[in-house]
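Here are three short exercises to work through with the model open beside you. Try each task before reading its solution.

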Amino acid sequence: MAKPKSTGTKSVALKRPPSKRVASIRRATTAPASRSLYSVHPGVAMLARWVSELAAKTGRSLDDWLSHIKQAGPKTEKECRVWLKDQYQLGTNAAGWLAEKAFVTSLESADDTPEGYLRLAPVYVEQMYAGPKAALKPIHDELVQLARLLGDDVRICPCKTIVPFYRRHAFAQIKPAATKRIDLGLALGEEPFTARLRDTGGLAKKDRITHAVVITSLSDIDLQVKRWLKQAYERDA
C-alpha cells in the first residue's frame, strides 16, 4: 500500500491507509521466520509437495499455469475452475486451487508456502486475541507451553481461528470461542463424556477432535486438564 506523500505545492491523490490487519501481515512477511515457535501446518507442507510435483504431473509449473490462466483463461475464478477441469482434465481440487491462486493478491496467498506460513502464524495468533479476547491470551500461552512440554515432536500450527497441536495427527486444539472462553479440543476417541469433558460431535462425524473442555481462567488448567491433554498426546504415538 502506498504511503501518503507530498510533492511540494502539487497536490497528490492519497490512497486509504492500509488496515491494521493488512499492515500486520505486511510486517510479518518481512520478519524472520527462524524465531517462530510454530511449525509448518501439515496442509501447507502437503501443498508445497504438490506444487513441487506439478510440472512433472501436468507439464506446467505453478508459474507456467498462472501465466497461462491470466493470458488464456476466463475472466472469473468460477469459470476458470470449470475451464481447467474441462480443457486440461485437472481434478476438482487442483483446478480449484489454481483458479483461486490466479485471482488472489500476493498478500492473500502469502501462507501458501512454508516460509510464508511461518511468517504469518504469529499474526494469526495476534489477530485471534485482538480486542475483546485479549484477556484470553495468557490462557492460550499456558496451554501452548503445556503442549510443548509433552515432547519434542509436538508441533504448534496456528490457523486463522484455531491453534491445533500435532504429533502424528492433530491431538488437540485451542479455540477462543467467546470473549471469556477458550475451548480446548482433544482427540480422545472413546473416552466417556462428562459434565466437564463434553462431546464435540466429532466422534459421530469421524473428526479427530472428539472432546472439549471449557477454559475461562488459568485456574481451570488443573491436573485433570493436564492429564487429558497428555492422554490425547499419547494416543497419537
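A disulfide is counted here when two cysteine sulfur atoms lie within 2.5 Å. Keep in mind that this is a predicted model.

**Exercise 1.** Work out how many disulfides the rule gives.

Solution. Start with Cys157: the nearest cysteine sulfur belongs to Cys159 and is 7.8 Å away, and Cys157 is in no disulfide. Next, take Cys159, whose nearest cysteine sulfur is that of Cys157, again at 7.8 Å, and which is in no disulfide. The count is zero disulfides. As for their surroundings, Cys157 is buried, with a relative accessible area of 0%, while Cys159 is partly exposed at 23%.

**Exercise 2.** Find which strands stand at the edges of the sheet.

Solution. First write down the strand order of this open, six-stranded antiparallel sheet: S1-S2-S3-S4-S6-S5. Strands S1 (155–156) and S5 (198–199) each have a single partner strand, so one side of each lacks a neighbour in the sheet, and these two are the edges. Now look inside the order: S4 (residues 181–186) and S6 (residues 211–215) pair antiparallel over five bridges. There, Leu186 is opposite His211 of S6.

**Exercise 3.** Describe the lining of the second largest pocket by residue class.

Solution. Begin with the volume, about 170 Å³. Then collect the lining residues, among them Gln173, Lys175, Asp183, Arg198, Lys205 and Ala212. Strand S3 (170–178), strand S4 and helix H8 (202–205) each contribute at least two of the lining residues. Sorting the lining by class gives five charged, four polar and two nonpolar residues.

Technical notes: Residues numbered from 1 in each chain as written. Predicted model: local features only at pLDDT ≥ 70, side-chain atom pairs only at ≥ 80, totals over all residues. Heavy atoms only, no water. Pairing = 2+ DSSP bridges. Helix = DSSP H or I, 4+ residues; strand = E, 2+ residues; numbered from the N terminus. 1 Å grid on protein atoms, 1.4 Å probe; cavity = no way out; pocket = protein on both sides within 12 Å on 5 of 7 lines; lining within 4 Å. Points joined across faces, edges and corners; volume = space filled by probe spheres on them. Nonpolar A, V, L, I, M, F, W, Y, C, P; charged D, E, K, R; others polar. Buried < 20%, exposed > 50% of the residue type's maximum accessible area, 1.4 Å probe, protein only.
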